[in-house]
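User: Hi! I am a first-year student, and I would like a close look at a single part of this protein.

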Amino acid sequence: MATAPISRKLNLTRDQLAAFLTDQQQIRQFELLFATVDAIAPDVVLEINVAAGTAQSTANDALAQIIALAQETEVNDAALGAKAQDAMDRIALLAQETAVTVALAESKANQALALVDKLNKAVEGLQMTPPPREFKRSRYGSFYDTTTQVATVINTAKAITFNTTDLSQGVFLSTTSRIMVDTESIYNFDTSFQLDKTAGGTGIFDFWFRLNGVDVPDSCSRIRIQGNNAEIFSSLNFFFDLKSNDYVELMFSVDDLSIEVTAFAASAPHPGIPSIILTVNNNIGGVL
C-alpha cells in the first residue's frame, strides 16, 4: 500500500525516505522538516514577490528621478552656459574698455613725460645760460631857462619856455616850450622853479602840465606868495606814459602880475639861478 507524500512541493513519500533512512526517528524528523517548509513556503514566496515588486517600483522611481535630474541638469547647464557666456562677454568688453583706458592713460603719461622732459631741458638751459638781458632804450633830457618869465594877463594860461638844452638823448625841445620824445616809454618829468613877487600884497601862482595840447587832469599845484621880494623855490615830478612824438608842456597862471618865474645872475659865491630847470628820463623800470 502506497503512502501519501510527506511534502507537496517535493512530492516525496515516507517509503521513499525509508529507502535511505533506516532510523524511524530520522524519518520522523524529515517529515517535520518538510511539513514546516510547506507551511512557510507560500509566505516566503509572497514576501519575495512583494519585495521584488517594491524593488522594481523603487528602481522605476529612481530612474524617473534620474531622468528628471538629467533634464533639470540640462536646463541648468543651459542656464549656466548662458550665464557663463554672458560673463565671458562682459569680461571681453571689460578687457576692451581696460585696453582703451590703459592706452589713453599711457598716451597721457607719455604726454606728461614729454612735457616734464621739456621743462627739465628748459630748467637746465636756464641754469647753464642766463636769460638775455634786454635793456631799455635809454632816453633823457635836461633843460633850463636863464630868463625871468612873467605873465601879461592875469588868470590866463601861459607856457613856460626853455632857452638851454643841457643834455638830450631822445628827449628834446621841439619848440621853446614843448618837450618831445622819440620812443614809447614811461617818463619821469622832474622840475624845479624859482618864484618871486615884486610888489606887496598876496598873489597866487598855479602850475600844471599839458600833454599834446590838452591839460592833464589833476596835475595842478598852487603856491600863495605874500609880500615884496618873497622868493620861493618849489619842485615837483610827474610820470607820463608817452608814445613816440608825444610832447609835454609846463603851464602857469597868476592872479597878480607882480608874480614872476625869476632868474638870477651868478653872484659870488653862487652860480646863476635859472628860472626853471627840467630833467626827463625813462629809466624807471631798469632792465627788462
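Which side chain does D256 meet in a salt bridge? Please start there and then walk me through the surroundings.

Analyst: Happy to help! Keep in mind that this is a predicted model.

The side chain of D256 meets the side chain of K197 in a salt bridge, with 3.2 Å from N to O. D256 sits in the loop between β14 and β15, while K197 belongs to strand β9, so the salt bridge ties together parts that are 59 residues apart in sequence. Are these two residues buried or exposed? Both D256 and K197 are buried.

That salt bridge has company, as the structure holds 5 of them. Another one joins D182 to R139, where the closest N and O atoms are 2.7 Å apart. This pair, too, links distant parts of the chain: D182 is in the loop between β8 and β9, and R139 is in the loop between α2 (24-128) and β3 (140-145), 43 residues away. Here the two partners do not share a setting. R139 is buried, with a relative accessible area of 3%, whereas D182 counts as partly exposed at 30%. A further salt bridge connects D215 with R210, and their closest N and O atoms are 2.6 Å apart. In that case D215 is partly exposed at 40% relative accessible area, and R210 is partly exposed at 22%.

Now let us return to strand β9, the home of K197, and follow its aromatic residues. In strand β9 (residues 185-197) you will find F189, which pairs with F240 of strand β13 (residues 232-242), 51 residues apart in the chain. A pair of aromatic rings is described by the distance of the centres and the angle of the planes. For F189 and F240 the centres are 5.0 Å apart and the planes stand at 70°, which makes the pair edge-to-face. Both rings are on buried residues: the relative accessible area is 0% for F189 and 4% for F240.

A search of the whole structure finds 9 aromatic pairs. Ring pairs also link F189 and F240 into a cluster with F193, F205, F207, F209, F238 and F252. From this cluster, F193 is a good residue to click on. Beyond its neighbours within four places in sequence, F193 is in contact with F205, F207, I223, I232, F233, S234, L236, V261, S275 and I276.

In soluble globular proteins, nonpolar side chains tend to be buried together. The largest nonpolar core here has 30 residues, and those with the most contacts inside it are I179, F189, F193, F205, F209 and L250. Which elements give two or more residues to this core? They are β8 (179-181), β9, β10 (202-211), β12 (221-226), β13, β14 (247-254), β15 and β16.

Finally, have a look at T262, in the loop between β15 (259-261) and β16 (276-281). T262 is buried, with a relative accessible area of 4%. Its side chain makes a polar contact of 3.3 Å with the side chain of E260. Setting aside neighbours within four places in sequence, T262 is also in contact with T148, Q194, L195, D196, I273, P274 and S275. One of these, S275, is in contact with F193 as well, which brings us back to the ring cluster that includes F193.

Definitions and conventions. Residues are numbered from 1 along each chain as its sequence is written. This is a predicted model: local features need pLDDT of at least 70, side-chain atom pairs count only at pLDDT 80 or more; totals for chains, interfaces and linings use all residues. Side-chain values use heavy atoms; hydrogens and water are left out. Helices (H or I, at least four residues) and strands (E, at least two) are DSSP runs, numbered from the N terminus. Buried means under 20% relative accessible area, exposed over 50%, partly exposed in between (1.4 Å probe, protein chains only). A polar contact is a pair of N or O atoms within 3.5 Å; within protein, one must be able to donate a hydrogen and the other to accept it, and residues adjacent in sequence count only if both atoms are side-chain atoms. Contact means heavy atoms within 4.5 Å. Rings of Phe, Tyr and Trp (its six-membered ring) pair if their centres lie within 6.5 Å; planes under 30 degrees apart count as stacked, over 60 as edge-to-face and the rest as tilted. A nonpolar core is a set of buried Ala, Val, Leu, Ile, Met, Phe, Trp, Tyr and Cys residues joined through side-chain atoms within 4.5 Å. A salt bridge is a side-chain nitrogen of Lys or Arg within 4 Å of a carboxyl oxygen of Asp or Glu.
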